Amino acid sequence: MTLNEVELGQEYVIDAIDTQGDEEMESFLFSLGCYSGEPITVVDRKKNLVVSIKDARYSIDAELGAAIQVANK
């Protein structure tokens, strides 16, 4: 499932990053710490997703959320 489909407050593990060949998007996600095997939590969902990765919080849009494939921890 993608990050856009997860429950708020539940921790997931990043399974894959699928940016459809968009190297700039992939590089940006990696700079945030989005790697396979990393835990990630959606802490808020309003206009954008607020995610917690490695003790930091980031606001990402739905396009980035769709590129992050996650699995239950």
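**Exercise 1. Identify the residue with which E11 forms a salt bridge in this predicted model, and state where the two partners lie.**

Solution.
Step 1. The partner of E11 is K73, and the closest N and O atoms of this salt bridge are 2.6 Å apart. This separation meets the cut-off, which asks for a side-chain nitrogen of Lys or Arg within 4 Å of a carboxyl oxygen of Asp or Glu.
Step 2. E11 belongs to strand β1, while K73 is in the segment after β5 (68-72). The pair links distant parts of the chain, 62 residues apart.
Step 3. E11 has a relative accessible area of 35% and is therefore partly exposed. K73 reaches 64% relative accessibility and so counts as exposed.

**Exercise 2. State how many salt bridges the rule gives, and describe those formed by K54 and K46.**

Solution.
Step 1. The count comes to three salt bridges.
Step 2. K54 pairs with E38, with 4.0 Å between the closest N and O atoms. Because K54 is in the loop between β3 (49-53) and β4, and E38 is in the loop between α1 (23-32) and β2 (39-45), this salt bridge ties together parts that are 16 residues apart in sequence.
Step 3. K46 forms a salt bridge with D44, the closest N and O atoms being 3.8 Å apart.
Step 4. K46 counts as exposed because its relative accessibility is 69%. D44, with a relative accessible area of 27%, is partly exposed.

**Exercise 3. Determine which residues form the negative surface patch, and locate D61.**

Solution.
Step 1. The negative patch on the surface consists of D22, E23, E24, D61 and E63.
Step 2. D61 is situated in the loop between β4 (56-60) and α2 (62-67).
Step 3. The relative accessible area of D61 is 33%, so D61 is classed as partly exposed. Membership of a patch requires over 30% relative accessible area and no salt bridge. The value of 33% for D61 therefore satisfies the area condition.

**Exercise 4. Decide whether T2 is buried or exposed, and list its contacts beyond its neighbours within four places in sequence.**

Solution.
Step 1. T2 is in the segment before β1 (11-17).
Step 2. A residue is buried when its relative accessible area is under 20%. T2 has a value of 16% and is therefore buried.
Step 3. With neighbours within four places in sequence set aside, T2 is in contact with G65, A66, I68, Q69 and V70.

Note on methods: Residues are numbered from 1 along each chain as its sequence is written. This is a predicted model: local features need pLDDT of at least 70, side-chain atom pairs count only at pLDDT 80 or more; totals for chains, interfaces and linings use all residues. Side-chain values use heavy atoms; hydrogens and water are left out. Patches are made of residues with over 30% relative accessible area and no salt bridge: like charges are joined within 9 Å, nonpolar side chains (Val, Leu, Ile, Met, Phe, Trp, Tyr) within 5 Å. Accessible areas come from the Shrake-Rupley method with a 1.4 Å probe; for residues, only the protein chains shown count as cover. Lys and Arg count as positive and Asp and Glu as negative; His and the chain ends are not counted. The place of a charge is taken as NZ of Lys, CZ of Arg, CG of Asp or CD of Glu. Helices (H or I, at least four residues) and strands (E, at least two) are DSSP runs, numbered from the N terminus. Buried means under 20% relative accessible area, exposed over 50%, partly exposed in between (1.4 Å probe, protein chains only). Contact means heavy atoms within 4.5 Å.
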